[in-house]
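Reader: Got a minute? I'd like to walk through this model with you. Let's take the strands, then any empty space inside.

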Amino acid sequence: MRVLLIGANGYLGRFVADRLLADPAVQLTALGRGDDADVRFDLATGSPGALTRFLDAVHPGVIVNCAGATRGGARELTRHNTVAVATVCEALRRSGCGARLVQIGCSAEYGPSQPGSSTAEDAVPRPGGPYGVSKLAATELVLGSGLDAVVLRVFSPAGPGTPAGSPLGRLAEAMRRAMQSGDGELKLGGLGVQRDFVDVRDVARAVHAASLSAAQGVINIGSGRAVRLRDAAAVLARVAGYGGSLHELDGPPGPLRSSIGHPRLDPDHAAPVAYPYPDGCGSWQQADVRCARDRLGWRPRINLEESLADIWMEAACRI
């Protein structure tokens, strides 16, 4: 089976590539904007016709799209998350390759959830920010394309390679600095937020399973359990051997809360709208993952403590 992987050098894409390469039945071709891609192509600016010609030449059986942007203004997010997917869908419609499309979506498409609830795939999406809106628009394009396609709505990925701008990445960096300076008290904000963390390696397993399945529509990929960031901080402190105390700041959102979900915008971008939670997901998210179990035969295997240990291992190397 020839698989075309788009975005192989991204956070999720690297692990998806490793998982697919471990399958001897898979012939992998990486398409992306970087020099290290097998084929250089920018989905946000390239034409569907050019991509169609490439698909007809390579004739992949599956296309996995892990590409996209998590930071930037609404215009940039729309270009990389929506326009890019429109290019893929149009190229596939024109091509004679008949490839299956596995699109990586995001839980930000759902927006805020009722505390204590589990969000299933039939929930009405109400994204609370531009990132979620751009990803939801991409999902709608895929679902309305008439292609053999599935969208995996990934909740909060964790584990090795976690970006420093993510909640857990910022948490690990704050703890590293406290240990490096001998600070016996770590002051953090926004620890009451609860998210469904799923290990990035489990996400890669889900992508592999979706590539081989006939499942269509939207499928949630998460752990099925919301974890308070305060509890994740306590686990990380134990894993790191940090003996100091964790002090939660009151008042305005602190550095952790301001980064929940996705990194803040670069200074050279237009100022963002001040959403209560920058990922637009409110104080609670938890996935209903029964669909992934029933349709993909997939269950998460790696617990949060192992994910946090791997995050800390990388942070500790910077001490």
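Reader: Which residue in β2 is the bridge partner of Val3?
Author: Leu28 is the bridge partner of Val3 in β2. Keep in mind that this is a predicted model.

Reader: How many bridges join β1 to β2, and do they run parallel or antiparallel?
Author: Five bridges, and the two strands run parallel. β2 spans residues 27-32. To get there from β1, the chain passes through helix α1, residues 11-21. That β-α-β crossover is right-handed.

Reader: What does Leu5 stand opposite?
Author: Val64, in β4. Strand β4 covers residues 62-65 and runs parallel to β1, with four bridges joining them.

Reader: How many residues of β1 are buried?
Author: Four of the five are buried, so to speak of β1 (residues 2-6) as mostly covered is fair.

Reader: Switching topic. How many cavities of 30 Å³ or more does the structure hold?
Author: One. Its volume is about 30 Å³.

Reader: Which residues line the largest cavity?
Author: The lining is Leu43, Asn65, Ala67, His80, Asn81, Ala84, Val85, Gln103 and Lys135.

Reader: Which helix gives the largest share of that lining?
Author: Helix α3, residues 74-94, with four lining residues.

Reader: And what is the lining of the largest cavity by class?
Author: Four residues are nonpolar, four are polar and one is charged.

Notes. Residues are numbered from 1 along each chain as its sequence is written. This is a predicted model: local features need pLDDT of at least 70, side-chain atom pairs count only at pLDDT 80 or more; totals for chains, interfaces and linings use all residues. Side-chain values use heavy atoms; hydrogens and water are left out. On a 1 Å grid over the protein atoms alone, a cavity is a set of points where a 1.4 Å probe fits but cannot get out, and a pocket is an open set with protein on both sides within 12 Å along at least five of seven lines; lining residues have an atom within 4 Å of a point. Grid points are joined across faces, edges and corners, and a volume is the space filled by probe spheres set on the points. Ala, Val, Leu, Ile, Met, Phe, Trp, Tyr, Cys and Pro count as nonpolar, Asp, Glu, Lys and Arg as charged, and the others, Gly among them, as polar. Buried means under 20% relative accessible area, exposed over 50%, partly exposed in between (1.4 Å probe, protein chains only). Two strands pair if DSSP finds at least two bridges between them. A crossover is right-handed if, with the strands pointing away from the viewer, the path from the first strand over the helix to the second runs clockwise.
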